[in-house]
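I sat down with this model to see how its strands and cores fit together. Here are my notes, in the order I looked things up.

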Amino acid sequence: MRIGLLTEGGYPYVSGDARLWCDRLVRGLEQHEFDLYALSRSQDQEDRGWIELPPQVSRVRTAPVWTADDDGIGYGRRSRRRFADAYAELAAAVCAVSPETAGLAGVPADSSGAEADRFGNALYKLAELARDEGGLVGALRSETAVRTLERACRAPGALRAVRATRVPDLLAVAGHIERALRPLSLDWYGDDGLASVDLCHATSGGPAALPGLVAHHFSGVPLLVTEYGVQLRAHYIAAGDAELSAPVRAMLAAFHGRLAAETYRQAAIITPGNTHARRWQERCGADRAKLRTVHPGMEASRFAEIGEREEPGEPGTLVWVGRIEPSKDLISLLHAFAEIRRDEPKARLRLVGAPAEGPEAAAYLAHCKALAAQLFPDEAEGAHAMGDNPVSFEEIGGPETPDLADAYAAGSVVVLSSIVEGFPISLVEAMFCGRATVSTDAGAVVEVIGGTGLVVPPRNPRALAEACVSLLRDPGRRERLGAAARARALELFTVEQNITAFHGIYLEIVSHCPVRREAVDDAGEPLPFANPPEAHVPGRWTAPTSESGGGFGTWLAGRAASGGAPSWAEGEAVGSGGAGGLGRGVGSGESTGSGGAVGSGGGGERPADEHGQLAGAFPGGEGDA
């Protein structure tokens, strides 16, 4: 099948989110064809270029979401009226009090309400206008948009937090909405774009899923949404850190909440990466029947040698691996290590990682080094020995840790001290290496560990120290926990299980939501027998197969031979004519059918392509067709 892979700020660029797992997914599903539709986040990301793409990637189309250039498109009177009506409906849905926006304050969300329909209708009206006129950038930043937002904020029933909105707030909100809706103005939705794919797979929510929503609206292409980090949660965290006024935060939270609810409502299947993300999606209105948890797939082979060793690592050494930033709470870890040293004077702590991007992370690293020097002055065993600090800061590729696997091999216990965590990648890597772990209860940590390690509350140095000391003093327990952790990681978190899960989900979606399009050959002529007959009949034609694996034809013929007609059939269910002849069709009336296609009618050969289509449409093998 042909997959439209939708990304934002990641694959196929060298830097960005979701790059590794997208590349592994595409390379692992080499039997499918992939078209990449990527939104870039910065000029620097575009300048760094792409990673090397596998041959199954047939097309790559990119667009920036970071530029602010006007598209220069002028609307006529009728188009201006269409935009004003659609944007007014969108603004009213964002500013109105509803179960969804109230859910942010503790009331359960209801994504099926009237406001959700209102937001979706307005969104697709804007998409249709962008298709007809060529873009929305200028209109979304126009005075009309700002005044429309102002009227929605002053309207009866608006959120209390947005009633005090000022002009600078309205300009900020209008600019943010324009950037978020920029995918509506792209030319990706024609017959040579997303309308030609069998399935859209959005690798995150938010702007990355917007092209999938538009393709679903225009062409009926089914949408799969994968979220390893929930975009709405990330927006809440970023808005809290940014210097935004209360009305701006309230309006942006409502907008992103509406967009997330619409994405979850239109998606055929939603695949969170863990239970933590799943709870967020359910809270934002996702239907539980659509949710399938698919854990991220990680490369286990690079850690195989370490995991199979009998040596447990340096007995008294604790290892921490990750990006150095405030959310990792290394301050609590250093204070916990001070207590560990009182009980285990020869213990050592190795902090392996580089600071995250930005001046804040660099300042945090400097603060951690200063605290380590203050808590642990250089120590020496005797008067003639050189002093050494028990805490070391290292980077991958340095002389102490040339490779990531060497970092985990250096210690007997791996520590995670985060206060905010999504899917703990370093924890899974430690499990692949067969290391016992001590972690804080943040994000998906408990789900990943599953009883194979120790978990303590975050921001509790004493509890963290006690758990580490208990493992340092018990080699047998460390060995048992490490072996159990490795077995669990190999069962749940490998690339192979991830690829297998998505392959099955792709087939499930396409079998239930086929795209209704006319099949043509290279010359543009209609292609006979390209689609199986059941694709033109509403409803589902799947049915239990016999134990012999005969498929749908064997099941139906067996029902007819035993005198038990299916519940939906009245009269003769199996045609009696020859290939292409007249027979009695399914149901009570006479119809023209190819009796040889199903049942005991005459023979006749079917083209190979049609035979493959029919065989793949039914479970249990090729059947009797």
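**Entry 1: strands β4 and β5.** I began with Cys 200, which stands opposite Leu 223 in β5. Before going on, I noted that this is a predicted model, where local features need pLDDT of at least 70, side-chain atom pairs count only at pLDDT 80 or more, and totals for chains, interfaces and linings use all residues. Residues are numbered from 1 along each chain as its sequence is written, and side-chain values use heavy atoms, with hydrogens and water left out. Strands (E, at least two residues) and helices (H or I, at least four) are DSSP runs, numbered from the N terminus.

β4 (residues 199–202) and β5 run parallel, joined by three bridges. I then checked burial, where buried means under 20% relative accessible area, exposed over 50%, and partly exposed in between (1.4 Å probe, protein chains only). Five of the five residues of β5 (residues 223–227) are buried, so this strand is largely enclosed by the rest of the structure. I sorted them by face: Leu 223, Val 225 and Glu 227 are on one side, Leu 224 and Thr 226 on the other, and all are buried. That fits what I know of strands: in a regular one, side chains alternate between the two faces of the sheet.

**Entry 2: the sheet around them.** In what order do the six strands of this open sheet come? I read β3-β2-β1-β4-β5-β6, with parallel pairing; two strands pair if DSSP finds at least two bridges between them. β3 (57–64) and β6 are at the edges with a single partner strand each, so one side of each has no neighbour in the sheet. From one strand to the next, the twist averages 15 degrees, taken between axes, which are lines fitted to C-alpha atoms (for helices over the stretch in contact), with angles from 0 to 180 degrees between N-to-C directions.

Further along, β1 (residues 2–8) and β2 (residues 33–40) run parallel and are joined by seven bridges. I picked out one pair: Arg 2 has Glu 33 in β2 as its bridge partner.

**Entry 3: helix α11 and the loop after it.** α11 has 21 residues and reaches 30 Å from its first C-alpha to its last, close to the 30 Å expected at 1.5 Å a residue; the expected span is 1.5 Å times one less than the number of residues. Of those 21 residues, 17 are buried, so α11 is largely enclosed by the rest of the structure.

Ala 267 lies in the loop between α11 and β6 (269–272). Is Ala 267 buried or exposed? It is buried, at a relative accessible area of 2%. Leaving out residues up to four places away in sequence, Ala 267 touches Leu 223, Val 225 and Lys 290, a contact being heavy atoms within 4.5 Å. Its C-alpha is separated by 7.0 Å from that of Pro 222, 45 residues apart along the chain.

**Entry 4: the cores.** A nonpolar core is a set of buried Ala, Val, Leu, Ile, Met, Phe, Trp, Tyr and Cys residues joined through side-chain atoms within 4.5 Å. The largest one has 72 residues, and among those touching the most other members are Phe 83, Leu 123 and Leu 194. Helix α11 (residues 246–266) gives the largest share of this core, nine residues. A second, separate core has 36 residues, including Leu 318, Leu 351 and Val 391.

I followed Leu 194 outward: its contacts, not counting residues up to four places away in sequence, include Gly 4, Tyr 37, Cys 200 and Val 221.

**Entry 5: the other sheet.** Another six strands form an open sheet in the order β9-β8-β7-β10-β11-β12, also paired parallel. β9 and β12 (454–456) are the edge strands, each with a single partner, so one side of each lacks a neighbour in the sheet. Neighbouring strands are turned by 20 degrees against each other on average, direction ignored.

β8 (residues 348–352) and β9 pair in the parallel sense over four bridges, and Leu 349 has Val 391 in β9 as its bridge partner. Helix α20 (residues 475–492) packs on the sheet, touching β7 (314–321), β10 (411–416), β11 (436–440) and β12, and its direction makes about 80 degrees with that of β11.

**Entry 6: Ser 392.** Ser 392 lies in β9 (residues 391–394) and counts as buried at 17% relative accessibility. Its side chain makes a polar contact with the side chain of Glu 394 (2.9 Å). Such a contact is a pair of N or O atoms within 3.5 Å; within protein, one must be able to donate a hydrogen and the other to accept it, and residues adjacent in sequence count only if both atoms are side-chain atoms.
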